[in-house]
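Please open the model in your viewer and keep the selection tool at hand. The stops below say what to select next and what can be found there.

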Amino acid sequence: MINQENNNRNTAGVVPRRILGSLLASVSAGVVPRSGAPYIAIGRQDEIAALLSDLEAVSEGGGGMRFLIGRYGSGKSFLMQLIRGYAMERDFITADADLSPERRLYGSGGSGVATYRELMKNLASKASPDGGALPRILARWLSALQDALQQEGLIPETAAFDERMNAQVLAQLREVEFLVGGFDFTKVVTAYYRAWRDESTVENEEKKSACLRWLRGEYSTKTEAKNTLGFHVSTIIDDDNWYDFLKLWAALVRLMGYRGLVVFIDECVNLYKIVNRVSRENNYEKILSMFNDTLQGRAPGLELVLGGTPQFLEDNRRGLFSYEALRSRLCDSRFTPEGYKNLIGPVIRLRRLSDDELLALIVRMTRLYSQYYKWDARITDEEMQHFLKICLSRAGADSMITPREMLRDYMTLLNILLQNEDATFASIVEKTVTLKTDEEEKQLTTAATITVESGKGGEAAPDRPAFDPNDIDF
Amino acid sequence: MVENEKKGGKDRNTPDEFWDISDLVIRPKQKKELPVRRYDTSTAEISLPPLSQSADAAVNHRVVQQAADAPIPISKADLAPGNEENKTAEGKRATPPQEIPPEAITYTPAHPLIERVTLLPWKTNFPYYERFCRIARDLFYRTGERCEAEPFFSYMPQYDQMTRSQLAWYLYWRDEVRKGNYLKTGYCYIFLLLFEIINLPDLIPPSKGIAMMCKIWTQYREEHLTLDRYLCEWICDYCLLHRLPAPVEQLESIVRDPSFLCQLREFYVHAGQSSAAVDADVYMNCCSNYDYKKSRFYTQNAENAAACDRHIPGALCRVLQSLQTSDSLFSQTQMQSSTMTRDTFVGALCSHRVKYKIGVRYRSFSRSHELRFFITDVIKYSENKLRALHGYKSKLSIYALSEPIKAILNAYFVEAYPKNIGKSEMAEQRPDYEKLYDLPTTPMTAAEAARIEQESWRTTQRLVEAFEENDAPEITCEQSEVHPIVREEQPCAPLDCEQMPAAETPIETETSDVLSKEALSFLRYAYATDAAGQKAYCRSVGKMPENIADEINEYAADTLGDILLEDDGSGAFIVIEDYREQARALLERCTE
């Protein structure tokens with residue numbers, strides 16, 4: 001039944017080919033796809049709806065912060081990419097970074113500002129979804145201002161035009177000047193504008209590049225910044241103040257006409273892993289200030305999404321709950337009964353996909369694979385179910401199975417079927433898996449019991465191995 | 001002429017007075033030599049006569065009571081000139097300490113950690129405490145009558161500093177101690193008795209002396225903490241001097257105390273008398289780099305502390321028992337030798353007869369890193385087991401512990417926690433919050449999967465659908481001018497499957513309305529891969545290439561579902577290879 005629908009859809013359903021190719025390549029490699037994620041979004045309707053409502057609030061000038069918490073492979077990163085793509089599509093600017101031992105929210109030796117640099121590197125917009133959007137955002141903003149002046153009848157490259165343009169730029173930037181670091185930020189953006197406006201010379205190109213370096217937080221000293229920029233700045237972006245500049249960006253992108261800035265920070269479990277207690281708590285304090293800022297309206301247009309494992313959030317000794325100020329803000333209310341969802345709160349807990357959802361995912365992948373290769377996959381509904389049963393019968397799979405591993409195996413299976421016309425699902429699976437059917441298993445168990453009993457009587461027991469799920473090997 | 005020469009020659013050889021200038025030279029005044037006074041700073045002994053036998057006989061309880069506060073009198077007879085003993089007492093200078101040639105005595109004790117002991121007599125035979133020794137001998141057999149305790153204080157307690165009532169109490173108290181009845185008393189009396197034991201080895205046999213010292217220490221240490229400071233060293237000296245084994249059995253409670261400190265800690269370890277339990281405590285105190293009592297697990301609650309106090313020494317004891325003797329432990333771990341030189345009975349009143357320099361060659365705990373790491377690892381491994389049993393996930397790191405030792409420790413904890421072990425290990429694996437992430441088990445059904453897959457298309461549709469005009473926020477004047485496509489976007493292709501356009505469907509025909517002229521011209525240059533033309537065109541229209549490329553890409557993202565142009569790395573833009581066909585169709589349509 002599924003397959004019939006599948007075939008029908010194959011004829012009608014379309015995903016852009018380049019996106020589909022990238023999607024299948026990512027899934028085969030076991031990494032979260034950066035494009036095309038919506039096409040394999042199975043389940044999670046409520047969670048997605050909650051995050052989308054946050055984006056609505058941000059586009060109206062609010063702020064927000066969410067913690068996506070789930071075990072490894074539960075779909076945190078996938079959900080982030082999903083929302084990232086959606087946000088870019090809707091004129092949000094997005095930035096994403098994975099934390100690591102070298103990239104933290106707070107830390108001396110450049111580990112704090114390293115996160116900011118990564119975010120700036122991955123700054124993305126609809127027109128540059130793969131990151132590196134910083135110069136384009138500025139160019140678009142300045143071009144927009146120019147176009148507006150042209151509409152007013154002013155002729156470019158005249159003194160009056162330049163004067164009005166300068167006034168427009170300064171007027172817009174003045175709105176962010178009052179924020180922390182806003183004065184220097186304004187100064188550098190203005191310098192960028194002047195270099196952009198003037199004739200394209202080597203000096204101006206270098207100045208533009210220097211301004212972008214400052215905006216990306218790539219200067220380690222003020223002297224270095226001054227020498228390259230050619231004017232004095234009272235501050236540079238460093239470990240202590242990078243979050244203030246993130247707020248500045250959120251304000252500026254709204255001035256530029258975007259809906260807001262959405263920041264995704266994944267692998268927050270790296271903060272939980274910090275051995276030094278003081279250092280760990282400093283990072284948690286940074287999270288606390290982010291939480292307070294976004295939810296108290298002090299960071300308009302900024303949405304923060306943090307992803308981490310249950311230990312990162314709930315471990316009372318080293319997780320966020322070890323920090324009382326965060327625990328009291330993030331823990332479940334006493335009136336939250338077990339088994340009920342509450343997606344209005346800041347924490348979204350992700351369970352692994354149910355068996356039915358995993359089967360639906362297999363069906364969807366078969367469909368997309370068929371579309372991309374223009375090939376009718378030789379695999380039946382029963383075989384898809386059989387495949388999933390094999391995956392679920394592995395030891396510990398009930399809690400440990402991840403769509404990533406399962407899909408990787410499934411893509412391999414489809415690849416073999418595609419490239420070998422004589423291959424069938426049964427022949428591939430039988431060669432690699434020694435799974436017994438329920439009846440066979442029952443017979444085997446009975447035989448093993450008889451063997452043990454007969455062994456007690458002193459008779460020689462036949463040498464038959466008992467079933468062990470660990471024997472299943474792909 | 002000859003005469004003249006002779007005359008002249010004579011004159012030249014003998015200078016006349018004119019040339020003598022010695023009277024004219026000022027001579028420095030000669031200092032008068034002062035008579036030098038030489039002081040004899042050598043030590044002199046001024047000894048008081050001992051109490052005479054007759055006087056001793058006359059002393060009784062009544063007399064002592066009457067002259068309670070009077071100092072001990074010195075009889076005239078004692079000061080008589082004929083008395084040999086009083087020759088020094090008449091004010092005659094005492095004989096200075098004579099240097100005696102050191103005759104070292106070396107022996108090897110039956111101790112697993114002490115390899116050699118060298119006794120070197122004190123180089124001078126100082127006579128300061130001879131009088132004390134004499135009085136001590138005189139009073140040794142004296143017994144006291146029952147009397148009231150008298151307070152007594154001295155920095156170096158001696159008999160002649162006591163009043164009669166104090167002496168009476170001391171004699172009475174000492175009698176009681178000898179009988180095994182340890183009455184409450186001041187610590188100066190205790191030290192006096194200890195001095196007796198130290199200085200009178202001929203009257204108090206060392207085997208008896210060491211027993212008395214140990215008994216006194218154990219009985220009075222709670223009341224007088226000062227004893228700990230001195231007695232650990234004095235007992236060690238006493239044993240080394242008289243070749244006695246370490247009294248570990250008598251001092252078991254003290255040696256096992258973590259606060260026990262001694263310069264030569266190794267002396268108190270396993271002298272062949274202690275049990276494995278005592279050794280375990282001593283090793284934990286003296287030969288470990290880790291104090292489990294300072295761990296967070298220990299201090300967190302009383303239950304953990306009780307478990308640690310009970311099972312960590314127990315586990316170490318089991319390991320020591322399994323190694324049968326500590327000798328085998330020492331032979332298994334390489335121990336570094338060290339040498340220590342110590343003066344006997346430092347801080348005690350001690351005559352030159354028992355004053356020695358003792359050289360000890362021993363196997364040192366502090367220098368034997370292998371043994372220290374072994375003991376440390378056993379303790380940490382035991383604590384890790386306890387942590388696991390109590391549901392704690394964190395573990396202490398272990399340097400290197402052999403598998404047989406781990407097996408011994410595992411067996412110990414299986415015995416210690418026979419029922420809880422499975423449950424606790426489960427608790428360690430799964431904290432309470434994990435259940436929030438568990439999935440309710442439901443059987444897999446194909447129909448349900450099909451329904452989910454169908455519904456998921458709606459989510460997909462919502463996520464990929466184009467930005468509709470109704471949902472658009474209010475756009476500023478500048479925005480609307482710059483991005484006309486925002487207002488005129490078409491619904492994206494892959495929505496509900498039935499509505500999806502085919503993959504090869506060209507871009508919408510209304511292109512010229514939504515893409516600016518500049519964008520279309522720019523696209524032509526990009527399609528032709530003409531980087532120079534692109535730049536020249538952008539300069540001519542006064543726009544940045546990135547800006548025009550963004551306009552085209554945003555349009556393509558809305559209609560095609562993907563961007564059309566990409567940066568070739570040199571600042572120019574090219575059409576993505578997959579979409580060249582669509583770009584060509586778009587340009588052709590616009591040309592028409």
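Begin by selecting A:E267, which sits in the loop between β3 (261-266) and α12 (269-272) of chain A. As everywhere on this tour, the coordinates belong to a predicted model. The phi angle of A:E267 is near 60 degrees, which is a positive value in a residue other than glycine. With a relative accessibility of 30%, A:E267 counts as partly exposed.

From that loop, step back into strand β3 of chain A and look at its neighbour: β3(A) and β4(A) pair in the parallel sense over five bridges. To see one of these contacts, select A:I265, whose bridge partner in β4(A) is A:L306. Then bring in strand β1 (residues 64-70) of chain A, which also pairs with β4(A) in the parallel sense, here over six bridges. On this side, A:G64 stands opposite A:E303 in β4(A).

Now colour strand β4 (residues 302-308) of chain A by itself. How many of its seven residues are buried? The count is seven of seven, so that the strand is mostly covered. In a regular strand the side chains alternate between the two faces of the sheet. For β4(A), one side carries A:L302, A:L304, A:L306 and A:G308, the other carries A:E303, A:V305 and A:G307, and both faces are covered, with all of these residues buried.

Stay in chain A for one more loop, and select A:E421, which is placed between α19 (403-419) and α20 (425-432) of chain A. A:E421 counts as exposed, its relative accessibility being 73%. If you also select A:R378, you will find that the two residues are 43 residues apart along the chain, while their C-alpha atoms are separated by 9.4 Å.

The next stop is where the two chains meet through charged side chains. Select B:D550 and A:R136, whose side chains meet in a salt bridge with an N to O distance of 3.4 Å. Because B:D550 lies in helix α23 (residues 545-559) of chain B and A:R136 in helix α6 (residues 134-151) of chain A, this pair joins two chains. B:D550 counts as buried at 5% relative accessibility, and A:R136 is buried as well, with a relative accessible area of 12%.

Along these helices, select A:R140 and B:E554, whose side chains meet in a salt bridge at 3.0 Å, N to O. This pair, too, joins two chains, since A:R140 lies in helix α6 of chain A and B:E554 in helix α23 of chain B. Are A:R140 and B:E554 buried or exposed? Both of them are buried.

Move into chain B and select B:E383 with B:R387, which form a salt bridge whose closest N and O atoms are 3.0 Å apart. The two residues are four apart in helix α14 (residues 369-389) of chain B, and therefore about one helical turn separates them. Both B:E383 and B:R387 are buried. For a salt-bridge network, return to chain A and select A:R213, A:R216, A:E218 and A:E224, which are joined into one network by salt bridges that share partners. Over all chains, the structure holds 42 salt bridges.

Chain B also has paired strands to display. Strand β2 (residues 114-121) of chain B pairs with strand β4 (residues 356-363) of chain B in the antiparallel sense over seven bridges, and B:L119 has B:I358 as its bridge partner in β4(B). Strand β3 (residues 337-343) of chain B likewise pairs with β4(B) in the antiparallel sense over seven bridges, and there B:S338 is partnered by B:Y362.

Finish on the surface. Select A:D130, B:E566, B:D567 and B:D568, which gather in a patch of negative charge. Of these, B:D568 is found in the loop between β5 (565-567) and β6 (573-575) of chain B, and counts as partly exposed at 38% relative accessibility. Then select B:I21, B:L24 and B:V25, which form a nonpolar patch on the surface with about 320 Å² of accessible area together. B:L24 belongs to the loop between α1 (2-13) and α2 (53-58) of chain B, and at 69% relative accessibility B:L24 counts as exposed.

Methods
Residues numbered from 1 in each chain as written. Chains lettered and ligands numbered in written order. Predicted model: local features only at pLDDT ≥ 70, side-chain atom pairs only at ≥ 80, totals over all residues. Heavy atoms only, no water. Patch = residues over 30% accessible without salt bridge, like charges linked within 9 Å, V, L, I, M, F, W, Y side chains within 5 Å. Areas by Shrake-Rupley, 256 points an atom, 1.4 Å probe, with all protein chains shown as cover. Salt bridge = Lys/Arg side-chain N within 4 Å of Asp/Glu carboxyl O. Lys, Arg positive; Asp, Glu negative; His and termini not counted. Charge placed at Lys NZ, Arg CZ, Asp CG, Glu CD. Buried < 20%, exposed > 50% of the residue type's maximum accessible area, 1.4 Å probe, protein only. Pairing = 2+ DSSP bridges.
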